[in-house]
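Let's take a walk through this structure together, starting from a single residue and working outward. Please have the sequence and the 3D view at hand.

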Protein chains: 2
Amino acid sequence: MRPTVHDIADKAGVSLATVDRVLNDRPGVRGVTRAKVEAAIAALGYVRDVAAANLAKSRVYPLVFILPQGDNPFMRALEAEVRRAGLHSASERTQLSVVTVPAFDAGALAKAIDGAIAEKVAGIAAVAVDAPEVSDAIGRAQAAGIPLVTLVSDLAGSGRDHFVGVDNIAAGRTAGSLMGRFLGGLPGPVAVLAGSMRVRDHRERLEGFCAAMTDMPVTRAILPVLEGQDDPARARTLISECLAAVPDLAGIYSLGAGNQGLVAALAAGHARHMCVIAHELTAHTRAALETGAIDAVLNQDAGHEVRSAIRVLRAKADGLPVIAAQERIRLDIFIKDNLPADPDGDDGN
Amino acid sequence: MRPTVHDIADKAGVSLATVDRVLNDRPGVRGVTRAKVEAAIAALGYVRDVAAANLAKSRVYPLVFILPQGDNPFMRALEAEVRRAGLHSASERTQLSVVTVPAFDAGALAKAIDGAIAEKVAGIAAVAVDAPEVSDAIGRAQAAGIPLVTLVSDLAGSGRDHFVGVDNIAAGRTAGSLMGRFLGGLPGPVAVLAGSMRVRDHRERLEGFCAAMTDMPVTRAILPVLEGQDDPARARTLISECLAAVPDLAGIYSLGAGNQGLVAALAAGHARHMCVIAHELTAHTRAALETGAIDAVLNQDAGHEVRSAIRVLRAKADGLPVIAAQERIRLDIFIKDNLPADPDGDDGN
DNA sequence: AAATTTTTGATTTACGTACATCAGAAATTC
DNA sequence: GAATTTCTGATGTACGTAAATCAAAAATTT
């Protein structure tokens with residue numbers, strides 16, 4: 001049997017109350033006594049039974065996820081994962097809620113953060129927008145002692161406790177590297193479709209992509225970035241125009257959302273042999289992978305991100321350390337042959 | 001606050017003891033009363049507080065992992081992950097242990113399974129060997145009411161409760177597909193290095209690889225399979241001989257272990273441009289990816305597999321359902337650009 | 001209607017921790 | 001050495017469930 005607080009008390013020759021004072025960092029213990037207890041804890045290899053502790057505390061952790069509104073499939077996937085996690089969260093004494101704010105609206109995001117602070121939540125996860133108002137709001141959360149993690153898009157320099165998301169420069173590099181290898185000696189320039197260059201993750205992906213492409217043995221022109229504002233209709237127009245204007249186009253890298261429009265444009269275009277790499281596995285990109293319209297999809301698993309955010313926020317709320325290596329979000333590469341079987345599949349690992 | 005057993009008792013107008021009898025399926029409750037209680041449970045949306053329940057039960061779950069001996073890095077990684085999971089398992093009242101048996105030794109494996117049955121463990125996870133003795137032992141585990149999952153390599157048709165591992169045919173297809181795309185129009189045959197064709201997962205990977213290669217627009221010869229017995233020295237010899245004998249070799253698919261030998265042979269050989277795809281991310285394959293000696297590595301995450309096995313065994317032991325979609329092990333594709341930063345990194349998700 | 005069986009209630013203890021209270025001991029200050 | 005402050009012990013309750021016991025009530029059989 002693993003040691004309990006009683007064993008510590010016996011071993012250290014003190015009372016249960018004193019052990020409790022040491023364990024929970026309560027005042028009123030002399031240095032000598034504290035050392036005795038800590039020695040006993042170390043000697044016995046005691047670890048607190050969190051389940052029992054939470055039961056005794058009957059503490060609940062209300063956590064808020066602040067996500068952008070709109071039909072960005074990845075954001076909706078995140079929201080779905082939060083709700084899914086909410087089903088199991090009861091047993092872990094976590095109460096999850098989702099607040100949506102207009103996309104790219106720094107003021108609204110800041111307001112939502114302040115609202116969460118006012119409600120005295122135990123933690124906040126937010127998709128950051130790169131703006132001073134947001135940094136300020138994050139600062140207020142920190143001042144209030146409420147842990148806050150940025151999700152998907154980071155805001156370095158703010159007081160956020162942690163970033164949950166992929167390394168977007170590496171993601172861009174991966175895309176460039178795959179694109180280069182898939183194209184091989186095939187000539188022709190490549191196009192890049194982004195949402196907006198004012199968003200940090202999109203900038204970073206482009207940066208990595210260009211770096212990888214220039215590292216390739218074959219130099220290849222990268223056309224000026226097409227900004228589709230993550231809007232399917234705009235994306236479709238831009239890609240269609242590009243296909244028409246550049247007859248020898250060899251590849252397209254879509255690093256933002258709005259892939260529905262990309263797929264539509266490709267389908268409408270003549271069946272040209274072209275290498276297409278996109279981000280985020282959604283119903284549309286999955287279907288396009290299966291038909292061969294898209295060659296590879298880079299994905300960050302929404303389920304993993306949500307669970308990681310929850311773990312980190314709970315750890316911060318309890319003052320526990322976060323094991324960085326354990327919370328690293330990996331970049332998945334999907335081609336049609338390693339697609340997970342279930343469209344809504346969540347491996348839960 | 002979420003409802004407790006007391007709330008059910010009040011709502012149903014029965015005593016706590018009766019609620020307990022219904023909840024834990026104990027005898028001595030009339031059908032009418034049982035229905036009343038169940039109605040109250042449904043009406044209140046009661047869910048058992050597993051933490052409290054486990055605390056009250058103070059039940060422990062001794063689980064055994066039976067793994068092959070030897071220096072197969074992936075198996076050693078699995079073992080390391082079991083030990084790592086063991087550190088956190090205490091809080092979940094799970095006691096993990098590892099038993100190693102000679103690789104490919106059906107008799108030893110069967111004996112190990114019987115040993116675990118004799119020890120009345122709560123669950124068994126084993127890397128299956130395709131043999132009748134093993135099937136029989138699995139049958140005995142089932143007869144003893146001990147849940148058993150196969151790990152990495154399945155044994156369909158046996159009484160195993162679940163298989164934890166990747167779809168190896170899909171893995172082979174993925175390798176073939178990537179190989180074909182990376183090679184493009186480049187001429188030349190490809191070689192396949194396997195451990196042994198008597199192992200099911202290796203057979204399946206080969207099958208998928210060949211299927212994907214024949215689906216490619218460019219037909220390409222696949223040389224007879226080289227069987228390295230997962231032994232680095234043998235693998236090195238075989239690959240070196242192959243490189244010498246086939247000057248126009250375009251690619252190598254290594255679908256088993258022994259990649260250390262493969263890498264050594266490649267390094268010793270002249271710096272020929274060749275597409276190399278291997279399985280399992282180990283220190284050697286990682287280093288080879290970084291130098292460019294290997295182009296892609298297909299990986300099944302040992303940590304995910306171990307955690308999935310634990311979840312499944314615990315669920316089975318408690319008579320709870322397993323959410324299949326949640327326990328699907330994904331096939332990871334790594335190229336040098338999306339390598340996880342930490343060699344021993346475990347994302348824990 | 002009595003005897004028997006089955007079902008239900010009431011109550012208690014336990015799991016491991018958190019937290020509060022109050023009395024008593026030890027250390028410190030005056 | 002007394003008064004004060006600081007520390008420690010003893011004890012109890014709580015969290016939500018499991019599990020056991022024994023008595024009482026209800027249903028069933030004889």
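A good place to begin is G45(A), which sits in the loop between α3 and α4 of chain A. Keep in mind as you look around that this is a predicted model. Is G45(A) buried or exposed? A residue counts as exposed if 12 or fewer other C-beta atoms lie within 10 Å of its own. G45(A) has 9 such neighbours within 10 Å, so G45(A) is exposed. For a sense of distance, look across to A118(A): this residue is 73 residues away from G45(A) along the chain, and the two C-alpha atoms are separated by 40 Å.

Now step back to see chain A as a whole. Its C-alpha trace spans about 85 × 40 × 35 Å along the principal axes. Chain A contains 13 helices and 11 strands. Of the 349 residues in chain A, 48% are buried. The contacts are also worth a thought: among those in chain A between residues at least 6 apart in sequence, 70% join residues at least 24 apart.

Let's return to the helices on the N-terminal side of our starting loop. Helix α2 (residues 16-23) of chain A packs against helix α3 (residues 31-44) of chain A at an angle of about 90 degrees, and their axes are 10 Å apart. That angle makes α2(A) roughly perpendicular to α3(A). Which residues in α2(A) and α3(A) meet? From α2(A) come T18(A), V19(A) and V22(A), and from α3(A) come T33(A), R34(A), V37(A) and E38(A). Sorted by class, this contact of α2(A) with α3(A) holds three nonpolar, two polar and two charged residues.

Some of these helices lead us on to the DNA. There are 26 residues around DNA strand C, and those that come nearest are T4(A), A53(A), A56(A), S15(B) and T33(B). Notice that this list draws on chain A and chain B. The elements giving two or more residues to the surface near DNA strand C are α2 and α4 of chain A, along with α2 (16-23) and α4 (50-57) of chain B. The largest share, five residues, is supplied by α4(A). By class, the surface near DNA strand C has 14 nonpolar, seven polar and five charged residues.

Turn next to DNA strand D. Here, too, 26 residues surround the strand, and the closest are S15(A), T33(A), T4(B), A53(B) and A56(B). Two or more residues each come from α2 and α4 of chain A and from α2 and α4 of chain B. For DNA strand D, it is α4(B) that gives the largest share of the surface, five residues. That surface divides into 14 nonpolar, seven polar and five charged residues.

How do the two protein chains relate to each other? In general, two copies of a chain are related by a rotation about an axis and a shift along it. In this model, a turn of 180 degrees and a shift of 0.1 Å along the axis lay chain A on chain B with an RMSD of 0.2 Å. That is the relation of a two-fold axis.

The chains also touch: 41 residues of chain A are in contact with 41 residues of chain B. On the chain A side, α4 (50-57), α8 (168-183), α13 (302-317) and β11 (331-334) each supply at least two residues. Among the contributors, α8(A) provides the largest share, seven residues. The side of chain A that touches chain B is made up of 16 nonpolar, 13 polar and 12 charged residues. Since 100% of the interface residues of chain A are also interface residues in chain B, the copies meet through the same surface.

Finally, two details of the backbone deserve a look. Most residues other than glycine have a negative phi. D230(A), however, has a positive phi, near 55 degrees. This residue lies in the loop between β7 (226-227) and α10 (232-245) of chain A. With 26 C-beta neighbours inside 10 Å, D230(A) counts as buried. In chain B, the residue to visit is Q229(B), which is not a glycine but has a positive phi of about 55 degrees. Q229(B) is found in the loop between β7 (226-227) and α10 (232-245) of chain B. With 16 other C-beta atoms within 10 Å, Q229(B) is partly exposed.

Terms used. Residues are numbered from 1 along each chain as its sequence is written. Chains are lettered from A and ligands numbered from 1 in the order in which they are written. This is a predicted model: local features need pLDDT of at least 70, side-chain atom pairs count only at pLDDT 80 or more; totals for chains, interfaces and linings use all residues. Two residues are in contact if their C-beta atoms, placed from the backbone, lie within 7 Å. Helices (H or I, at least four residues) and strands (E, at least two) are DSSP runs, numbered from the N terminus. Ala, Val, Leu, Ile, Met, Phe, Trp, Tyr, Cys and Pro count as nonpolar, Asp, Glu, Lys and Arg as charged, and the others, Gly among them, as polar. Axes are lines fitted to C-alpha atoms, for helices over the stretch in contact, and angles run from 0 to 180 degrees between N-to-C directions. Angles under 35 degrees count as roughly parallel, over 145 as roughly antiparallel, 65 to 115 as roughly perpendicular and the rest as oblique. A residue is near a molecule or strand if its C-beta atom, placed from the backbone, lies within 6 Å of it. Copies are superposed by least squares on the C-alpha atoms of residues with pLDDT of at least 70 in both. A residue is buried if 20 or more other C-beta atoms lie within 10 Å of its own, exposed if 12 or fewer, and partly exposed in between; C-beta atoms are placed from the backbone.
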